[in-house]
Amino acid sequence: MLYRNFGKTGEKVSILGFGCMRLPILDDNPKKINELLARSMLHYALDHGVNYVDTAYPYHGASATEGGMSEIFLGNTLKDGYREDVYLSTKLPSWLIQKKEDLNYYLMSNSNDFKQTRLISISYMALVTVLGIT
């Protein structure tokens, strides 16, 4: 695997990442991730040097206004010894931000307040980007 410097942090991030927008599903239902197959795929990538994993609030949800299952799947899958080795990235659902309190709800660094980290049972994200700015 090839790695690049992550800015000036000194961290090395794989140039190939694992995206969780279109994980395998069951019954043609985007909310029903085929967890056995998806977990196997993710673990294979991580075991072979990928250390950058990308997801977003609506991935594997019924609509863009509700949180999807991708983040929850990742939280559960990374619990078994992989979290410490992964740079996890998610995206802020900008279309749901109407006032400052909404921003705080999705973006607070305190894991008790950060909706996305609470959903996926982890204490921090390596990177949060803004999704859907037009």
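The questions and answers below go through a predicted model of a protein chain.

Student: In what pattern do the helices and strands follow one another along the sequence of the protein chain?
Tutor: The protein chain of this predicted model contains 4 helices and 8 strands. Read along the sequence, these elements come in the order β-β-β-β-β-α-β-α-β-α-α-β.

Student: Of the contacts in the protein chain between residues at least 6 apart in sequence, what percentage join residues at least 24 apart?
Tutor: The protein chain has 134 residues, of which 40% count as buried, and the chain exposes about 7,700 Å², with carbon and sulfur atoms supplying 54% of that area. For contacts between residues at least 6 apart in sequence, the share that joins residues at least 24 apart is 61%.

Student: Which helix gives the most residues to the largest nonpolar core?
Tutor: The largest nonpolar core has 16 residues, and those with the most contacts inside it are F18, L42, V53, L74 and L78. Two helices, α1 (35-47) and α2 (70-78), each supply at least two residues of this core. The helix that gives the most, with 4 residues, is α1.

Student: Which residues does V53 touch, leaving aside those up to four places away in sequence?
Tutor: V53 is one of the residues with the most contacts inside the largest nonpolar core. In soluble globular proteins, nonpolar side chains tend to be buried together. Not counting residues up to four places away in sequence, V53 touches F18, C20, L42, L46, L74, V86, Y87, L88 and S89.

Student: Which residue in β7 stands opposite Y52?
Tutor: Strand β6 (residues 52-54) and strand β7 run parallel and are joined by 3 bridges. Strand β7 (residues 87-93) is mostly covered, with 7 of its 7 residues buried. The residue of β7 that stands opposite Y52 is Y87.

Student: How far apart are the closest N and O atoms in the salt bridge of D54 with K91?
Tutor: D54 belongs to strand β6 and K91 to strand β7, and the pair links distant parts of the chain, 37 residues apart. Both D54 and K91 are buried. The closest N and O atoms of their salt bridge are separated by 2.6 Å.

Student: How many residues apart are E35 and R39, which form a salt bridge?
Tutor: A search of the whole structure finds 3 salt bridges, and in the one between E35 and R39 the closest N and O atoms are 3.8 Å apart. E35 counts as partly exposed because its relative accessibility is 34%, and R39 is also partly exposed, with a relative accessible area of 24%. Both residues lie in helix α1, where about one turn of the helix separates them, a spacing of 4 residues.

Student: Is D27, which meets K32 in a salt bridge, buried or exposed?
Tutor: The side chains of K32 and D27 meet in a salt bridge at 2.4 Å, N to O. K32 has a relative accessible area of 34% and is therefore partly exposed. For D27 the relative accessibility is 61%, and because the cut-off for that class is over 50%, D27 counts as exposed.

Student: Which residues of helix α2 are buried?
Tutor: Helix α2 is mostly covered, as 7 of its 9 residues are buried. N76 lies in this helix, but at 34% relative accessibility N76 counts as partly exposed. The buried residues of α2 are S70, E71, F73, L74, G75, T77 and L78.

Student: Why does I33 count as buried?
Tutor: I33 lies in strand β5 (residues 29-33). Not counting residues up to four places away in sequence, I33 touches L23, P24, I25, L26, A38, H60, M69, S70 and F73. Since buried means under 20% relative accessible area, I33 counts as buried because its relative accessibility is 8%.

Student: What accessible area do M1, L2, Y3, I15 and L16 have together?
Tutor: M1 lies in the segment before β1 (3-5) and, at 42% relative accessibility, counts as partly exposed. M1 and the other residues, L2, Y3, I15 and L16, form a nonpolar patch on the surface, and their accessible area together is about 490 Å².

Notes: Residues are numbered from 1 along each chain as its sequence is written. This is a predicted model: local features need pLDDT of at least 70, side-chain atom pairs count only at pLDDT 80 or more; totals for chains, interfaces and linings use all residues. Side-chain values use heavy atoms; hydrogens and water are left out. Buried means under 20% relative accessible area, exposed over 50%, partly exposed in between (1.4 Å probe, protein chains only). Contact means heavy atoms within 4.5 Å. Accessible areas come from the Shrake-Rupley method with a 1.4 Å probe; for residues, only the protein chains shown count as cover. Patches are made of residues with over 30% relative accessible area and no salt bridge: like charges are joined within 9 Å, nonpolar side chains (Val, Leu, Ile, Met, Phe, Trp, Tyr) within 5 Å. A salt bridge is a side-chain nitrogen of Lys or Arg within 4 Å of a carboxyl oxygen of Asp or Glu. A nonpolar core is a set of buried Ala, Val, Leu, Ile, Met, Phe, Trp, Tyr and Cys residues joined through side-chain atoms within 4.5 Å. Two strands pair if DSSP finds at least two bridges between them.
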